[in-house]
Amino acid sequence: MKKFALLLFALITFGVTASPSTPQFDVVTLGARGGIQDGNLTAFLMKASKDNNFVTLDAGTLVNGISVAADQGAFNNITVPEESAYNLIGYVLKERIKGYFISHAHLDHVAGMIIASPDDSFKHIYALPSVNSALAETYFNWVSWPNFSNRGEGFKLNKYTMTDLNTGSWKNVEATTLKVKAFPLSHSGIESTAFLFDSNGHALVYFGDTGPDKVEKSDALNNVWRSIAPYIEEKKLAGIFIEVSFTNSVEDKFLFGHLTPDWLMHELRSLEQLSGGKGSLKGLNIVVSHIKYSMKKGDDPKTVIMQQLEAQNDLGVNFIFPSQGDSFSL
Ligand SMILES: [Zn+2]
Ligand SMILES: [Zn+2]
């Protein structure tokens, strides 16, 4: 017991954890679910702590998420300038969000952005070329919705500048200190994306929907793990945002490009091996997103997923299970 107390003291005092001891990024959860609860679909606001401006990580829910977060005090440190015509929600949307990072074009990742577009300000949509093409073809086509983009069919309203990200090279994110690198992910036949953000040497990685490499017959996740391992070894990775859509009760053939607690732990063990071996992920922040909403009596997938992850957390990672409106720093 004494030994354990001493170890705990050492951990707290010397901050022996994989993630940086001082938070480097601020996050607001706009939407936490992976379907089907409209108004609470996958989206986060994220900024480097020293920046004023946010980007979004996906945009399944936007205005409703800003509104819920504002009610919970997420923007209490933001003062709307007197000369602004907007309330806090409008000011955050139009002035403080400088870009959307869209992992893939599935509706639960873009609905909030599309619905807000008529009243939005000019912004970049940052995505892989296949995702930007899908957005233009599927939504911004004057059939599903007016074309607020600068691509695709018909008259272009040019509100959103679609900015393609290359895999393998850094791109600066306008009006922030962030730079970003994109990695393709395999999501049941669809190309999804992981975004690696770097602000002055500190990093954060956000995964859109993805299946495990083994089930997807892919090496996409392994490729990301190899790229972020050096940050972990230098204690410069603030956190990993990754989906766990289903509990362990779902069979592999019914995953449709998603992860379970078992599969996430399997993948994190690969990352541990690449990052310096046993114990190298201790204290690393893992933000669990995209938990499916259940309409079944007595069913609470979030609680089950939390239990299933913690039950096998011999890696010592720090799981975070955000709810809509939550703010936190990593
Ligand atoms: Zn999704
Ligand atoms: Zn999806």
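1. Helices α2 and α3. In this predicted model, helix α2 (residues 63-71) packs against helix α3 (residues 88-96) at an angle of about 125°, and the two axes are 10 Å apart. This angle makes α2 oblique to α3. The crossing in which α2 passes α3 is right-handed. On the α2 side, the residues that meet α3 are Val 63, Ile 66, Ser 67 and Ala 70; their counterparts in α3 are Leu 88, Ile 89, Val 92 and Leu 93.

2. The loop between α2 and α3. Gln 72 lies in the loop that runs between these two helices. With a relative accessibility of 48%, Gln 72 counts as partly exposed. Apart from its neighbours within four places in sequence, Gln 72 is in contact with Gln 324, Gly 325 and Asp 326. Ser 84 is also placed in the loop between α2 and α3, and its relative accessibility of 23% makes Ser 84 partly exposed. Between the C-alpha atoms of Ser 84 and His 109 there is a separation of 29 Å, for a distance of 25 residues along the chain.

3. Helices α8 and α9. A further helix pair is formed by α8 (residues 261-274) and α9 (residues 301-311), which pack at an angle of about 35° with axes 9 Å apart. Here α8 passes α9 in a right-handed crossing. Pro 261, Leu 264 and Met 265 of α8 make the contact with Ile 305, Gln 308 and Leu 309 of α9. As for Ile 305, its C-alpha atom is 25 Å from that of Gln 72, and 233 residues separate the two in sequence.

4. First zinc site. The zinc ion (ligand 1) is coordinated by Asp 108 through OD, His 109 through NE2, Asp 209 through OD and His 290 through NE2, at 2.1 to 2.2 Å. Along the chain, the donors of the zinc ion (ligand 1) follow the spacing D-H-x99-D-x80-H. The pair Asp 108 and Asp 209 links distant parts of the chain, 101 residues apart: Asp 108 is in the loop between β4 (97-101) and α4 (111-116), and Asp 209 is in the loop between β10 (202-207) and α6 (213-216). Both Asp 108 and Asp 209 are buried. The angles among the four donor atoms of the zinc ion (ligand 1) run from 90 to 169°, and the site is irregular.

5. Second zinc site. For the zinc ion (ligand 2), the coordinating residues are His 104 (NE2), His 106 (ND1), His 187 (NE2) and Asp 209 (OD), at 2.2 to 2.3 Å. The donor residues of the zinc ion (ligand 2) are spaced H-x1-H-x80-H-x21-D in sequence. Its four donor atoms subtend angles of 90 to 168°, and the site of the zinc ion (ligand 2) is likewise irregular. Two of the donor residues can be set side by side for accessibility: His 104 counts as buried at 0% relative accessibility, whereas His 106 is partly exposed, with a relative accessible area of 31%.

6. Link between the zinc sites. Which residue bridges the zinc ion (ligand 1) and the zinc ion (ligand 2)? The bridge is Asp 209, and the two ions lie 3.4 Å apart. Asp 209 accordingly appears in the coordination of the zinc ion (ligand 1) and in that of the zinc ion (ligand 2).

7. Cis peptide bond. Gly 35 and Ile 36 are joined by a cis peptide bond, with omega at about 0°. Ile 36 is placed in the loop between β1 (25-31) and β2 (43-48).

8. Positive phi values. Ser 188, a residue other than glycine, has a positive phi near 55°. Ser 188 is found in the loop between β8 (178-187) and β9 (190-199) and counts as partly exposed at 40% relative accessibility. Lys 235 is not a glycine either, yet its phi is positive, at about 60°. The loop that holds Lys 235 lies between α7 (220-233) and β11 (237-243). At a relative accessibility of 41%, Lys 235 counts as partly exposed.

Key
Residues are numbered from 1 along each chain as its sequence is written. Chains are lettered from A and ligands numbered from 1 in the order in which they are written. This is a predicted model: local features need pLDDT of at least 70, side-chain atom pairs count only at pLDDT 80 or more; totals for chains, interfaces and linings use all residues. Side-chain values use heavy atoms; hydrogens and water are left out. Donors are N, O and S atoms within 2.8 Å of the metal (3.2 Å for Na, K and Ca); water is not among the atoms, so sites may look incomplete. Four donors count as tetrahedral if all angles lie between 85 and 135 degrees; four count as square planar and six as octahedral if opposite donors are over 155 degrees apart and all others between 65 and 115; anything else is irregular. Helices (H or I, at least four residues) and strands (E, at least two) are DSSP runs, numbered from the N terminus. Buried means under 20% relative accessible area, exposed over 50%, partly exposed in between (1.4 Å probe, protein chains only). Axes are lines fitted to C-alpha atoms, for helices over the stretch in contact, and angles run from 0 to 180 degrees between N-to-C directions. Angles under 35 degrees count as roughly parallel, over 145 as roughly antiparallel, 65 to 115 as roughly perpendicular and the rest as oblique. A crossing is left-handed if the near helix is turned anticlockwise from the far one by less than a right angle, and right-handed if clockwise. Contact means heavy atoms within 4.5 Å.
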